[in-house]
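User: Please walk me through this structure. I would like short questions with reasoned answers.

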Amino acid sequence: MRPTAVPLLLATLLTATALSACGSDSGSDPDTVKISFKQSTDNSIKVMDTYLADIKEQFEKANPGKRVELVPIKAPDSEYYTKLQQMLRSPKTAPDLVYEDTFLINSDITSGYLKPLDPYLAKWDDWSQFIDTAKEAAQAEDGKTYGVPDGTDTRGLWFDKAIFKKAGLPADWQPANWADILDAARAIKAKVPGVIPMNIYTGKPAGEAATMQGFEMLLYGTASGANESPLYDPASKKWITGSQGFKDSLEFVETVFKEKLGPDVSDALDPNIATRVRGEFLPEGKLGINLDGSWLPQDWLEGSGHEWPEWSQKLGLAYMPTQTGQAPSKVSMSGGWTWAIPSKASNPDLAFDFIRTMQTKENAQKWYIANSGISVRTDVAEDPEYVKAQPGIKFFTDLVASTHYRPAYPAYPKVSTAIQEAMEGVTTGDSSVEEAAKNYDEELKTATDNQVIEK
Amino acid sequence: MTSAPPAGPGVVKTAPGPAAPLPPPAGRRDVRRALTRALPVSPAVVLLLLFLAGPIAYCAYIAFTDLQLTGQAESSFIGFDNFKAAFKDDAFLNAVWLTLVFTVLSSLIGQNTLGLTLAVLMQRASKPVRTVTGGIVIAAWVLPEVVAGFLLYAFFRREGTLNAVLDWLHLPSQNWLFTLPILAVSFANVWRGTAFSMLVYSAALNEIPKEITEAAEVDGAGGWRRMWHITLPMIRRSIGTNLMLNTLQTLSVFGLIWVMTRGGPGNRSQTLPLFMYEQAFQKSMIGYGTAVALLLLVVGSLFSLVYMRLLRTEV
């Protein structure tokens, strides 16, 4: 027995070592550029895949001997970040180019996952075409830029013209302040039974949609100056507690749900609310006013599964007014995605060449149109072909001038959750505005390591 | 595992005699024999150490650091801070409480009792009834967790099957996932996991010799008394095993609850695995999340200890 046991043991040990060594194959080939991007979880949506396949072809043709390897990550947003961050931790798994949401880019910069692009950008003529706010979105506190934005989004009010007609409201509706929005919703509630007067995303199930499409669209409208951030004070680098604007915004949410102007609370807190709004409530004419993002038509394009080409006749668009209509009278929030190069990438130069191929004017324009994206490049924004490509695109592109980017610092995801919790409290009626705001202040202190300032 | 009991009376049979020449060689032979015997299992031990103990040890270490997935340049050792933070965190305490409610409702009471009842009933049922019932119950078990979650989401949601049935019966309908989320997910877990208990108990019941039950019947013992005095004591060990396996499985249920409620509304169905996920992957606090995972391990071992005692008791 013993003579066979020894070789057996040795063999097993060898296998074990071989197995554990499996991961150490870095596969870094100086001629291959590896690109990670977020693939849609909906198999029928291939916008990104098609676009990248096209660029890959162009790139390989223009750079003979170089190869592009696409590494799709098929996951919902939050899981995509997690997976990506795990890949970025090690040089063995880090790709050469990654698609990063501006929501988390600062976190990843702080972690040292990304490479500053300034030396590349300085030598790149097209960079001057990018608008300043978009450039800032991928800029860290150290003043360096870590990503090239490939578009942005803006937010506003979508409304159903047929419902408005029945409620006696104008087809070219444009509220001047918050009170006008609530009045319109009340009119719908009184005159058009059976429909949801208005939707505002709220609570933890809606996630970042609640924070950004919902709360921040209100909160940034409480500021008195165009550049004032009511969430974060850039001068002291501290987060703001105890602000009246925060309470006012919570009060707006409370009013919507207390007066039953919004969806049924249980629908509002359904994790699938955003999909239902786009796929069900709006196309079926069940929703009067919807505070939402510029990307909605993406879902209604041909071949998307919920085709609704006539949306542009059925729906109207209005910008979100500031609280009392004070200057600058409109408010919007912007996010978007950027292409970034990991600090552990093996072929950063090649990766930047790929960015340059993606961001020729023609290719960028192709992408914006395919993706219902909002251009952050002035040359594309002025191109008549882009403006004509889709109804509503001009409206949302014009909002870029009055938009705000989130203070997407490392603490932001936690701050965002705290906002969602406060919203949820007033939505269900579990807490009053005062209590919810107080809880938020407490949470904020924990989330930001006490980096707070009272205003 | 257990502390060795002090040698009781009768254990020491040989008095420590004067220096005996035999023991040392015997000891050497023992060692050699032990080594030879250990050799065949050593590959398995090495693999276990490498792939099981290694990651667990690493996790235990991470639980004592402030490691984050993102947003931090380097992590540092912070001792028991994560654990202290957990016990001060209302959301954590809420998750512990909900985990206990979920486990007691769906595993101890639901899966276990229902599984036993089904097994007893099926002993008496005709073959076709047995096949059909067994088939349905096992189908629920075979379904992947996520699929089961979607099915039950469709069953409980406001426009779902359950409310349609209630409407039809002219009973008031409810939004179950909103008003009673922890009850809804507990029910879902019962639905999904009962088959396992049923199989365990069916096997155990088949082991009971027919003569004993028949003798009791002849003696005039009714159904309940037979159950209480004969069947239950005889399958006691199976009850222990089943409870332990069920509980451990229920403690780690994630997909089902995630699909049905995501732990909401608010935190009203956020059990420990969901809380852990939120901390580690949504708020990026890997260190804290791992600490919570270790605490979950403690809860699991506490349950296991209780059941192991139950198992050890002689019938």
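The questions below cover domains, strands and helices of this predicted model.

User: How far apart are the C-alpha centres of domain 1 and domain 2 of chain A?
Analyst: The domain assignment gives domain 1 as 5-149 + 336-405 and domain 2 as 155-334 + 409-454. Across their contact, 21 residues of domain 1 of chain A meet 30 residues of domain 2 of chain A. The C-alpha centres of the two domains are separated by 30 Å.

User: Why is strand β12 of chain A largely enclosed by the rest of the structure?
Analyst: Strand β12(A) spans residues 330-334. Buried here means under 20% relative accessible area. The strand is largely enclosed because the residues that are buried number four of the five.

User: Which residue of β14(A) stands opposite A:S334?
Analyst: β12(A) has pairings with β11(A) and β14(A) to consider. With β11(A), residues 320-321, the pairing is antiparallel over two bridges, and A:M320 has A:V331 as its bridge partner. With β14(A), residues 403-405, β12(A) runs parallel, joined by three bridges. There, the residue opposite A:S334 is A:Y405.

User: Which strands stand at the edges of the open sheet that includes β8 of chain A?
Analyst: The sheet has three strands in the order β7-β8-β15, with mixed pairing. β7 (232-233) and β15 (452-454) each have a single partner strand, so one side of each lacks a neighbour in the sheet. The edge strands of chain A are therefore β7 and β15.

User: At what angle does helix α21 of chain A run to β8(A)?
Analyst: β8(A), residues 238-241, pairs with β15(A) in the parallel sense over three bridges. In that pairing, A:T241 stands opposite A:E454. Helix α21(A), residues 433-447, lies across both strands, and its angle to β8(A) is about 165°.

User: Are helices α11 and α14 of chain B roughly parallel or antiparallel?
Analyst: Their axes are 9 Å apart and pack at about 175°. Residues in the contact include B:L243 and B:M244 from α11(B), and B:F303 and B:Y307 from α14(B). By class, that contact has 11 nonpolar, five polar and one charged residues. An angle over 145 degrees counts as roughly antiparallel, so α11(B) and α14(B) are roughly antiparallel.

User: Which residue with a positive phi follows helix α16 of chain A?
Analyst: Helix α16(A) covers residues 361-371, and A:W367 and A:Y368 are among its buried residues. Its buried residues pack against elements of chain A including α2, β3 and α15. Just after the helix, phi is near 50° at A:S372.

Definitions and conventions
Residues numbered from 1 in each chain as written. Chains lettered and ligands numbered in written order. Predicted model: local features only at pLDDT ≥ 70, side-chain atom pairs only at ≥ 80, totals over all residues. Heavy atoms only, no water. Buried < 20%, exposed > 50% of the residue type's maximum accessible area, 1.4 Å probe, protein only. Pairing = 2+ DSSP bridges. Axes fitted to C-alpha atoms, helices over the stretch in contact; angles between N-to-C directions. Parallel < 35°, antiparallel > 145°, perpendicular 65-115°, else oblique. Contact = heavy atoms within 4.5 Å. Nonpolar A, V, L, I, M, F, W, Y, C, P; charged D, E, K, R; others polar. Domains from an automatic or database assignment.
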